[in-house]
Amino acid sequence: MAKTLSKPTSIFFMLFTIFFFSTYVIADEAPVFSKNLPPSSLGLEQKKLSHLHFYFQEIVRGPKPTAVRVAQANTTNTSPTGFGAVVVIDDPLTLLPENTSKVVGQAQGTYTFASQSESALLMVMNFAFTEGEYNGSTLSLLGRNTVSPSVREMPIVGGSGVFRFARGYAQAKTYTFDNKTGDTVVEYNVYVLHH
C-alpha cells in the first residue's frame with residue numbers, strides 16, 4: 001500500500017517546488033525584447049520648443065559643388081520635372097543668406113525628383129549642427145518639397161544629441177536662385193519639440 005505524506009510535509013514539499021521552479025525560471029529568464037520605462041530613467045524632463053533659423057547654401061557648379069547628381073533615369077533629361085534624378089548634398093547652413101556668413105552646420109543627405117507632373121522633391125537629410133549648444137546634434141528631415149509654393153513645409157522626424165526624441169516641422173523658402181548656375185539659397189525656419 002502506498003504511503004501518503006502528512007499535511008505539513010506535503011505543504012512544505014509544494015512550497016519548496018514552487019520556490020525552486022520560480023527561482024529557476026527567474027534566473028534563466030529569456031532576454032527581453034522590449035519593456036516600458038519611465039521617461040525620467042533617460043533624464044527626459046519637460047519638452048522644449050526650439051526655433052532654429054538658418055540659410056541652406058547649395059552650389060551645383062564650380063570647383064567644389066555641394067550638391068552632386070549621382071543617378072538618373074533614362075528619361076530624366078526629357079522630363080519637364082527632372083523626374084528620376086537623385087542628388088547627394090553636403091550644403092553649408094549659415095547664419096545669414098550670404099555664403100560668407102558664419103557656418104552653423106551642414107545639410108547632408110539626398111533628394112530625388114519624385115514627381116512626373118510638377119517640380120517636387122523627396123527630401124531625406126540631416127541637419128548636422130556645429131554651433132553653440134547644438135554642436136554635435138542633428139535633426140532628421142524626411143518629406144515632400146514642392147518647389148513652386150513660396151513656403152514649403154516638411155516634417156522633422158527625429159534627431160540626436162540635444163534633439164533626441166525630436167519632432168516638428170521645417171518651413172523652407174527660396175531666398176535666391178541663380179538661373180545660370182543653379183546655385184540656390186534657401187531660408188529655413190525649423191520648429192522642434194524635444195527634451
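**Gly105 and its surroundings**

In this predicted model, Gly105 touches a handful of residues from elsewhere in the sequence: Asp91, Pro92, Leu93, Ala128, Phe129 and Thr130, leaving out anything up to four places away along the chain. Gly105 itself sits in strand 4, which covers residues 103–113. Its relative accessible area comes to just 1%, and because buried means under 20%, Gly105 counts as buried. Asp90 makes a handy reference point here: Gly105 and Asp90 are 15 residues apart in sequence, and their C-alpha atoms lie 9.9 Å apart in space.

Now for the surface. Leu122, Val124, Leu142 and Val157 together make a nonpolar surface patch of about 300 Å². One member of that patch, Leu142, belongs to strand 6, made up of residues 138–146. Leu142 has a relative accessibility of 41%; partly exposed covers the range between under 20% (buried) and over 50% (exposed), so Leu142 lands in the partly exposed class.

Zooming out, the protein has one helix and nine strands. Reading from the N terminus, the helix comes at the start and the strands follow, giving the order α-β-β-β-β-β-β-β-β-β. The protein has 195 residues, and 31% of them are buried, Gly105 being one of the buried residues. As for contacts, take those between residues at least 6 apart in sequence: 48% of them join residues at least 24 apart. Finally, the protein exposes about 12800 Å² in total, with carbon and sulfur atoms supplying 60% of that area.

How values were computed:
Residues are numbered from 1 along each chain as its sequence is written. This is a predicted model: local features need pLDDT of at least 70, side-chain atom pairs count only at pLDDT 80 or more; totals for chains, interfaces and linings use all residues. Side-chain values use heavy atoms; hydrogens and water are left out. Patches are made of residues with over 30% relative accessible area and no salt bridge: like charges are joined within 9 Å, nonpolar side chains (Val, Leu, Ile, Met, Phe, Trp, Tyr) within 5 Å. Accessible areas come from the Shrake-Rupley method with a 1.4 Å probe; for residues, only the protein chains shown count as cover. A salt bridge is a side-chain nitrogen of Lys or Arg within 4 Å of a carboxyl oxygen of Asp or Glu. Helices (H or I, at least four residues) and strands (E, at least two) are DSSP runs, numbered from the N terminus. Buried means under 20% relative accessible area, exposed over 50%, partly exposed in between (1.4 Å probe, protein chains only). Contact means heavy atoms within 4.5 Å.
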